[in-house]
Amino acid sequence: MQVIKYAFQQHGDERGMLVALEEFKDIPFEIKRVYFMYETKSDIHRGFHAHKNLEQILICIHGSCKVRLDNGLEKKVVSLEKPYEGLYISNDMWREMYDFSEDAVLLVLASDFYHEEDYIRDYDEFIEFSRKKSR
């Protein structure tokens, strides 16, 4: 399983730090939706879905969390703990976010608007989708 973690360019001086992100330059797709999660309790797990078409970049801009990725054949856990690192998640990847620090803010950049029909929320359906896609 290939996991792509981006280290975004940081700019800083005595005033502090800044990270600027541009679609097709720093982000490999057109950004059509941005949302973020915060005040998520450390014992809460989120996600539990995949997408048929949507691509995402996850950035823990404050605090930390973990992301469990599953492509139907193997699983991998990625820690997000730096505000200048982003995790690319392709459309055919089951994801679960968990182990949120008390101060975690998880920012998500998405390649499309919200469409419920793009979600695969049943794990067995995801496995079948993955098998068909790999043929």
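How many residues does the largest nonpolar core have, and which of them have the most contacts inside it? The legends below start with the whole chain and then move to that core and beyond. This is a predicted model, in which local features need pLDDT of at least 70, side-chain atom pairs count only at pLDDT 80 or more, and totals for chains, interfaces and linings use all residues. Residues are numbered from 1 along each chain as its sequence is written, and side-chain values use heavy atoms, with hydrogens and water left out.

**View 1. The whole chain, with one helix and 12 strands.** Helices (H or I, at least four residues) and strands (E, at least two) are DSSP runs, numbered from the N terminus. Along the sequence the pattern reads β-β-β-β-β-β-β-β-β-β-β-β-α. The C-alpha atoms fill a box of roughly 55 × 35 × 25 Å along the principal axes. Of the 135 residues, 37% count as buried; buried means under 20% relative accessible area, exposed over 50%, and partly exposed in between (1.4 Å probe, protein chains only). Contact means heavy atoms within 4.5 Å. Among contacts between residues at least 6 apart in sequence, 77% join residues at least 24 apart.

**View 2. The largest nonpolar core, with 16 residues.** Here is the reply to the opening question: Leu58, Val67, Leu80 and Leu106 are the residues with the most contacts inside this core. Strands S6 (56–62), S7 (65–70), S8 (75–80), S9 (85–89) and S11 (105–110) each supply at least two of its residues, and S7 gives the most, with three. A nonpolar core is a set of buried Ala, Val, Leu, Ile, Met, Phe, Trp, Tyr and Cys residues joined through side-chain atoms within 4.5 Å. In soluble globular proteins, nonpolar side chains tend to be buried together.

**View 3. Val67 and its contacts.** Leaving aside neighbours within four places in sequence, Val67 is in contact with ten-odd places you can look for on screen, including Leu58, Val78, Leu80, Leu87 and Tyr98. A second, separate core of eight residues includes Phe29, Ile57, Tyr88 and Leu109.**View 4. Val108, a residue of strand S11.** Val108 is buried, with a relative accessible area of 1%. Beyond its neighbours within four places in sequence, Val108 is in contact with Arg33, Val34, Tyr35, Met37, Gln56, Ile57 and Leu58. Look at Leu58 in particular: Val108 and Leu58 are 50 residues apart along the chain, yet their C-alpha atoms are separated by 4.7 Å.

**View 5. Glu39 and Phe48, two residues with positive phi.** Most residues other than glycine have a negative phi. Phi of Glu39 is near 55°, and Phe48 has a phi of about 55°. Glu39 lies in the loop between strand S4 (33–38) and strand S5 (46–51), whereas Phe48 is found in strand S5. Glu39 counts as exposed at 65% relative accessibility, while Phe48 is partly exposed at 36%.

**View 6. His62, in strand S6.** Is His62 buried, partly exposed or exposed? His62 is partly exposed, with a relative accessible area of 42%. Outside its neighbours within four places in sequence, His62 is in contact with Asp103, Ala104 and Val105. From His62 to Glu128, 66 residues apart in sequence, the C-alpha to C-alpha distance is 36 Å.
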